[in-house]
Amino acid sequence: MTKGGEKKHRTYNKRNLLSHEKKHEVREFRGFCPPNRFGIRPGFAWDGVDRSNGYEQKWLLQLNSQKAVEDEAYKWSCSDM
């Protein structure tokens, strides 16, 4: 095979691969979803029902209350200035 034929073959494959990459589309869930500790969004076929045992909600509530206590302690420590 000649060099020119190989070059045409390579450009064709490159062009063909680029056209396939453009067609791929990531489908996501569009709507409200409860937050989780990993920040992972649900799949596109999720029906919106939270089937957890409540651990995520308790974990996030504990995290937020701990941050609120820290902020309040900082404000109290700076109030004399």
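Below, a biologist puts questions about a predicted model and a modeller answers them.

Biologist: How many helices and strands does the secondary structure of the protein chain come to?

Modeller: Helix 1 covers 3–23 and helix 2 covers 55–78. The total for the protein chain is two helices and zero strands.

Biologist: What percentage of the residues of the protein chain count as buried?

Modeller: A residue is buried if its relative accessible area is under 20%. The protein chain has 81 residues, and its accessible surface comes to about 8200 Å², with 57% of that belonging to carbon and sulfur atoms. The share of residues that count as buried is 6%.

Biologist: Which residues form the aromatic pair, and is it stacked or edge-to-face?

Modeller: The count comes to one aromatic pair. Its rings are 5.1 Å apart, centre to centre, with 75° between the planes. An angle over 60 degrees counts as edge-to-face, so the pair of Phe29 and Trp46 is edge-to-face.

Biologist: Where in the chain do Phe29 and Trp46 lie, and how many residues apart are they?

Modeller: Phe29 is in the loop between helix 1 and helix 2, and Trp46 is also in the loop between helix 1 and helix 2. The pair links distant parts of the chain, the separation being 17 residues.

Biologist: Is Phe29 buried or exposed?

Modeller: The cut-off for buried is under 20% relative accessible area. Phe29 has 14%, so Phe29 falls below it. Its partner Trp46, at 22%, is partly exposed. Phe29 is therefore buried.

Biologist: Which ring does the charged end of Arg27 sit over?

Modeller: The charged end of Arg27 is 3.8 Å from the centre of the ring in question. That ring belongs to Phe44.

Biologist: How many salt bridges does a search of the whole structure find?

Modeller: One is formed by Arg37 with Glu56, the closest N and O atoms being 2.9 Å apart. Another joins the side chains of Arg51 and Asp47, at 2.8 Å from N to O; Arg51 is exposed, with 60% relative accessibility. The search of the whole structure finds two salt bridges.

Biologist: Which parts of the chain does the salt bridge of Arg37 and Glu56 link?

Modeller: The two residues are 19 apart in sequence, and the pair links distant parts of the chain. Arg37 is partly exposed at 38%, while Glu56 is buried at 19%. The parts linked are the loop between helix 1 and helix 2, for Arg37, and helix 2, for Glu56.

Biologist: Which residues is Glu56 in contact with, leaving aside its neighbours within four places in sequence?

Modeller: Glu56 has its place in helix 2. A polar atom of the Glu56 side chain lies 2.9 Å from the backbone nitrogen of Arg37. With those neighbours left aside, the contacts are Asn36 and Arg37.

Biologist: How far apart in space are Tyr55 and Asn36, C-alpha to C-alpha?

Modeller: Tyr55 is in helix 2 and is partly exposed, with a relative accessible area of 44%. In sequence, Tyr55 and Asn36 are 19 residues apart. In space, their C-alpha atoms are separated by 9.6 Å.

Biologist: How far apart in space are Gly31 and Pro42, C-alpha to C-alpha?

Modeller: Gly31 is in the loop between helix 1 and helix 2, and its 40% relative accessibility counts as partly exposed. Pro42 is eleven residues away from Gly31 in sequence. From C-alpha to C-alpha the distance is 9.8 Å.

Definitions and conventions. Residues are numbered from 1 along each chain as its sequence is written. This is a predicted model: local features need pLDDT of at least 70, side-chain atom pairs count only at pLDDT 80 or more; totals for chains, interfaces and linings use all residues. Side-chain values use heavy atoms; hydrogens and water are left out. Rings of Phe, Tyr and Trp (its six-membered ring) pair if their centres lie within 6.5 Å; planes under 30 degrees apart count as stacked, over 60 as edge-to-face and the rest as tilted. Helices (H or I, at least four residues) and strands (E, at least two) are DSSP runs, numbered from the N terminus. Buried means under 20% relative accessible area, exposed over 50%, partly exposed in between (1.4 Å probe, protein chains only). A charge sits over a ring if NZ of Lys or CZ of Arg is within 6 Å of the ring centre and within 35 degrees of the ring normal. A polar contact is a pair of N or O atoms within 3.5 Å; within protein, one must be able to donate a hydrogen and the other to accept it, and residues adjacent in sequence count only if both atoms are side-chain atoms. Contact means heavy atoms within 4.5 Å. A salt bridge is a side-chain nitrogen of Lys or Arg within 4 Å of a carboxyl oxygen of Asp or Glu. Accessible areas come from the Shrake-Rupley method with a 1.4 Å probe; for residues, only the protein chains shown count as cover.
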